[in-house]
Structures are given as structure tokens and as C-alpha cells.
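Grab a coffee and open the viewer. Have a go at each exercise before you read its solution.

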Number of protein chains: 2
Amino acid sequence: MLKSLNVGELTPKEEIHARINKLKAKMEEQGIALAIILQNVDLFYFTGTLQKGVLAVSVDKGPVFFVEKSLQRAAAETPLEITPIKRDKDIKDILSGLGMLKGRCGMELDVLPVLVFERWKGILGYDNIVDVWPLIRDLRLIKSPFEIRQIKRSGEIVTQVFKRAKEVIREGMREVDIAALLESEGRVHGHQGFLRMRGLNQEMMNVYIAHGLSGTVVSGADVPISGAGVTHAIPQGPSENRVQRGIPLLVDYGGGYNGYITDETRAFTIGELKDIYLKGHEVAREIIEETMDFAKEGIVGTEVFTKAFLRTKREGLDEYFMGYGEGKVSFIGHGLGLEINELPVITPRHEIVLQEGMVFAFEPKFIIPGEGSVGIEVDFIVRKDGLERVTDSPINIVYL
Amino acid sequence: MLKSLNVGELTPKEEIHARINKLKAKMEEQGIALAIILQNVDLFYFTGTLQKGVLAVSVDKGPVFFVEKSLQRAAAETPLEITPIKRDKDIKDILSGLGMLKGRCGMELDVLPVLVFERWKGILGYDNIVDVWPLIRDLRLIKSPFEIRQIKRSGEIVTQVFKRAKEVIREGMREVDIAALLESEGRVHGHQGFLRMRGLNQEMMNVYIAHGLSGTVVSGADVPISGAGVTHAIPQGPSENRVQRGIPLLVDYGGGYNGYITDETRAFTIGELKDIYLKGHEVAREIIEETMDFAKEGIVGTEVFTKAFLRTKREGLDEYFMGYGEGKVSFIGHGLGLEINELPVITPRHEIVLQEGMVFAFEPKFIIPGEGSVGIEVDFIVRKDGLERVTDSPINIVYL
């Protein structure tokens, strides 16, 4: 039945097994005998399905993939053998029977709520459970060719949305009206529906529009530009602000395909822009080009940040770089994958060495208080000999 | 600056203070001296702003509202005095200085990740912290006139979207194409952007389209109908399935205004429907009417469920009621508010007594395996003398 409904390219069997084997190797290194995985995205990564279930991996046994529901859908999607359960309490006896309940146990302590965690300690009979997320995070950091393919397909949606933006943005339109049209365009072209961001209170939209003052509103989130939103209950995203001539309008769009996220920003304008905007855009463009000139496998993330920052300083734009005042954020890039806040983070502090297969969004942006914002965001795949762009969408200012 | 951007009706000052005072009273009853509130929705409920911050409430002191950022936006939105902080570690000294770090402490243990919780135990110097969520949940259960106003405005968006659905649905369209247009329609008419669902792995969309087989796919989530989605990475929502004559198409749409969620479903069709669908819709309609005839303040939720269930049994439809086989769920209604999974839940087990100001979605639905699904969802406000519909949108099958 699902096949007739066409629900995306499945993760290859070999890749699922390779991921689990890599996790086992990391667990052995860290002295973790058993990992119990509950979060939906991690479950999807290791099983290829996002149904209600639990994955148990031990260094020398398993995996055992318990599925509560839908058994039918999980079976159609995962290459793993399924152990059906009626409730999560049934798991202890099975794991115990398999001799898997011994040694140090790890769970995803970065996302697991306290009450869920306490319940699972009871179910499994463990007093202490350590954090297994750093191991999973480091695995998810390096994307396979299969994953890069999904990311590029996700990028095609982004490219399509920017093309459409050129057709629809008109003077006097509200930011929300533009967002509504672009949201629709992405969906029709295969967007998965929403994007995922890991952690407590992390929320996001698919489309952000920042134009003039709305692009200068300081966000409660750790982002340089979030827009004002239409309500203080969701203080982000497009607002009712209307498009004016001579002020850049940034479209920040998140593609999503088969789970994989892309995230790029382009600047559009009706009429000529003031010098500060033109200069900001030009410096952002040059930072992207300079970064592509030197960054590759082996380069450290802090160097990427520092070179960009020094460039903005030489240009006298450092005050506006990645926000101003209380709104300034300390990164210029963030990892992409099944979630939008993956590693690597490109900051002055994160000493991560770039490696083939890492994917990150790179977003030199300038926020000019009382005026507006300008900048560009592109997505990069790290290769041995350089950075590869995810999309081929041009990064110039689009004059409408 | 924000004022010029128009970002929604603020929560009245008196209401914010009343909510905090009610929390204090409940804390006193439960022997909780101090509550530390971190989750964004609860913060919004008690402060009127959703910026990055922490609210400390003690039974005899406070509240102290710590804000990290944006100070400017928080100050424009909350009636509470703001205590600016650079980082959450600064909080201990301030609370200690105010004599608030004594007695039993409570936090939102249902959503707080283990690592965040451990960090906060360290910051506050507490070994044991109890769960304060049940107190907050019970407060949020009863909606004020201000909240009902937001919910009705949210319902107006739903009404508008159903009107638009009548205009756009055509034979041969894909479910995603319909969803894209309706998503856009809602946004243009004031939808806040996304809806919130509390808890680990809880995810949702604004628009669900279920038509024929896609309406029979068993969901991993605790919902009767979720659709197939366009990818196994997000196994819910509209699919690429195309509209055919003679099969009901359900539009399940979530309104969102100023934080407040509504959630209704209507059936559309091109051409005549088989008897099973007509009967299913008719029984759903009668269940809604019968429920409106007797339910009001003082009636128990289990009675509402049981009456509906017995009706489906008399009609020989109980096998299909709220799903079939592994997909059957055990509720016919769920509470609405700032999150879509609030209390009351209308199930055979939850012995909640209905009370003026409760708001819930009520969704008699039938899923016929191998065929399709049919049903209706409406939102009710509990009043002393009956149930009030949130919207006035008609519930008949719409023939296109």
C-alpha cells in the first residue's frame, strides 16, 4: 500500500549496517556496552524508518529493533529485523534473555526528558546511564554519498524557491504573503513539510523573510536574523512588514528532502540600494569566494571564522557582522543533515578539523541597526581538495 | 521598532499576574517552594513573551524573570519586571540573595532534557528537584476569556481555509498540491506559522490531507489518521496521491493565532460516495450533535467517549472507529491551547470532569482498511450549560 503512495528513496541496507557497526566501534572505544536509542531522528538514522520504536545496540550483539507501531510501515522501510512489542516495558525481558543488559548503558541524554529517562532506568534496571549522543553526533557529522545525494536534491528545492522569489516579490507585498507563496512552491517541488532542530525550545520555519527593520529585530534564538514574526508567541519568521523600494529583502529558505536539510539565503531588491548594503553584500560574496579558495579537508573551523571576521574588520563592517549589540551571534556557519543544528559549527572557538563529507551552511550577514540587513548564505560540502557548493544558485543581488 | 511591525495582541498584565498567583497557590498546596520555568511555551504563558529567559516563582516571593535575550523584545511584551542576565549561571547568586533558594524546587521534568536538568541542579545547588508540570498543565487547562478570544480568532483561519478548500480541490491534483495552497491561504489570513506539540518526538504539520489509501496508513504517532507523507523521514502529512472521484478527501487543518491552536477536519468529495462513507460521515455528524446535546460542565470525559463509542457499535462501525487494527487509538478528543496535546483527553480511561473554559478538539473518524477514511473534527469550548463550537464552519460533506 505504501509503495503505491511513493514515499521517498529508502536508506540502503549496507549503509544502515555500516552506521550501526561504526556506532558499535565508537561504543567499544568509550566503554559503552549497550546503547538504547529513542529519539526519532537518531532512530531514523540507524534504522531507515521513523516509526514508533526503540533500537538497542550492544557492542557484541544486536541490533534489536523493537517496533510498537506501525509494524507494517516499519517493515516496509527498514532493512533490520523487527521485534514487535506492545509496550516499551516488554523490552527488558527480551534484552535480558539475549544477555544484552550488562556493562555501561548509554542513552541520548541531550534530548531525553527527565521523566522519560527515569522511566527507562526503571525498565532496564540501570541506576546510571551515560550520554551516547556525542558518539551519534560524530557519526552523523560525516555524510555518505547517499546522504550527499539527498542533500543535493534538497538543494534543488532551494534553487527552485529562489527562482520563484524573483517572479513573485513585488512592492507593497507583506513578508508573510511572499513567504506563503514560497512555502507553497517548495512543497509542490518535493519539500518534506518541516525541518528539524535538535534540543529544548528549538523551533524553526521553512521560510524567513527579512526586509528593513524586520531584519534587524534581535532574536531570542541563536541566529543572526530571525525576522519579527506575526505574533510574540512565535517571535520569528516573516512579518506583516511591506516591501519597499531601495531596501534589500533577504529570503532565507530551508530545503528538506527525505529528511535532509539545506539552508541558503539570497538578497532581492526593487530599485537601487544604498552603499552600505551594496558593500555588505559585496563583502559577503568575497568572504564566500575567499573561503572557497582555501578551505578544504584538514583546515580548522576556527581559521575559517577568523579569516572572515578579519575581512569584515578591514572593511569596517565588523560592528554589523552576524548581528549587532545583544543580537550578535558568534558563528558564521552551522552543520546540516537530518537536523539543522548539526556539527560542524564555524565559530572562533570550535577547533574542528574539516573532513571530507562534512556539510555546513555558511552565512556572512550584516545587520545595520535602524536600517536593515544584507548578506548571503550558501551550503558547502567539504571535499579533500576544497569546498563544493550544494546548489548552483547564483549569489548576486537579484534586482526585480 | 516592534510596534511598527505589528506582532499580535499582548497578554493583559492582570492575566499574567493572575496566572502566576494561581501557580503559587498550587505550589503551596503541593509543598513546592520554588518553581524554575524554562520551556518556551510555559514561559510565554507566565510572562507574555517567548524570548530566551528563565522564570523563577516562589510561593512567597517573586516572580523573578531573568532574560538573556532579546531584552528589548521581552521588555516590549512582558508586564513583568526584567532581570537581565548574561548567562544562566548568574541566576543562583540573585535567587540566593533574594532568599528564594530554599524548600522543595520544581521544574518541568516532562520536557527538560537530562543534561539540561543536571546542569540546572548544579547551578541551583539542589540534589532533588520535583516535577512542576502537572501544576502548570492544570492551570493551562482552563482558558480565560482572553485565551478564548485568541482561540476563536485561530478558528476563523480554519473556517477560511475550509472555504478555500472548496474552491481549489480538483480531480487529479496531488494531496501535496492541495496542502500547499491551503497552507498558503492560512498564512495570508494570519496563521502564526507552525503549531506546537509537547514532548519527545512529537511533531506535526498545519495541513493534513487524507484521501483513499493515504487516509488508512497506520501512523507511528498517537493519531487516527496522519496521512502517508512524501517521505519515510516524515511519515505524516499529504502525499503525492491524486484526487479521484467518489472517495472522500479529508482536510485536517490546524489554525494558529497568537500562540493558540485550533484543529478541525472536513470531508470533501467529487462525485457520489459509497454508502459506507455516507454512513460514516452521518454517524460522525450525529455523534457530534448528540455530544452537544448532553455534554457541559460537570459531565465526565469518559462518558463523552463511551456514548460515542456505543453509538458506533450500534451502527456496526466500531471496528473502523478511530482506526483499525494496530492503528486504532483510544481517544476521540484532545485538549487545545498553546500546544495541541493539552488536557482534557476524551478517552475511555481519563476520568476528567468537564469544566467551563476547557477547550478540546472532538474527532469522530472512521478508517476503512483498503478503502479510505471519513469523519469530522470540530473544536468545543466547555460552558456551564453546554458545549460551544469554536467555529461556525458547516460540518456537512462538501460536494465539489
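Below are four exercises on this predicted model, each with a worked solution.

**Exercise 1. Work out how chain A compares with a globular protein of its length.**

Step one is the inventory: chain A has 11 helices and 17 strands. Next, take the radius of gyration, which is 23 Å, and set it beside the 21 Å that the globule rule gives for 400 residues; the two are close, so chain A is as compact as a globular protein of that length. For a feel of the dimensions, the C-alpha atoms fill a box of roughly 70 × 45 × 40 Å along the principal axes. Then check the inside: 55% of the 400 residues of chain A count as buried. Finally, look at contacts with a separation of 6 or more: in chain A, 69% of them come from residues 24 or more positions apart.

**Exercise 2. Find which residues of helix α10(B) are buried, and explain how they sit around the axis.**

Start with the helix itself. α10(B) covers residues 275-294, and its 20 residues reach 28 Å from first C-alpha to last, close to the 28 Å expected at 1.5 Å a residue. Now pick out the buried positions: Tyr277(B), Gly280(B), His281(B), Val283(B), Ala284(B), Ile287(B), Ile288(B) and Thr291(B). They span an arc of only 160 degrees around the axis, so they lie on the same side of α10(B). The spacing rule helps here: an α-helix has 3.6 residues a turn, so residues three or four places apart point the same way. Turn to the face away from the buried side, and you meet the exposed residues Asp275(B), Glu289(B), Asp293(B) and Phe294(B).

**Exercise 3. Decide whether strand β8(B) is enclosed or open, and say why.**

Count along residues 249-257 of chain B: nine of the nine are buried, so β8(B) is largely enclosed by the rest of the structure. Then split the strand by face. One side carries Leu249(B), Val251(B), Tyr253(B), Gly255(B) and Tyr257(B), the other has Leu250(B), Asp252(B), Gly254(B) and Gly256(B), and both faces are covered.

**Exercise 4. Which strands pair with β8(B), and in what sense?**

Take β7(B) to begin with. This strand, residues 207-211, pairs with β8(B) in the antiparallel sense over five bridges, and His211(B) stands opposite Leu249(B). Now move to β9(B), residues 260-269, which runs antiparallel to β8(B) and is joined to it by nine bridges. Here Asp252(B) stands opposite Thr265(B). Last, inspect the turn: the hairpin of β8(B) and β9(B) has two residues between the strands, and Asn258(B) takes a positive phi near 50 degrees.

Key. Residues numbered from 1 in each chain as written. Chains lettered and ligands numbered in written order. Predicted model: local features only at pLDDT ≥ 70, side-chain atom pairs only at ≥ 80, totals over all residues. Helix = DSSP H or I, 4+ residues; strand = E, 2+ residues; numbered from the N terminus. Rg over C-alpha atoms; globule rule 2.2 N^0.38 Å. Buried ≥ 20, exposed ≤ 12 C-beta atoms within 10 Å, placed from the backbone. Contact = placed C-beta atoms within 7 Å. Expected span 1.5 Å × (residues − 1). Arc of directions from axis to C-beta. Pairing = 2+ DSSP bridges.
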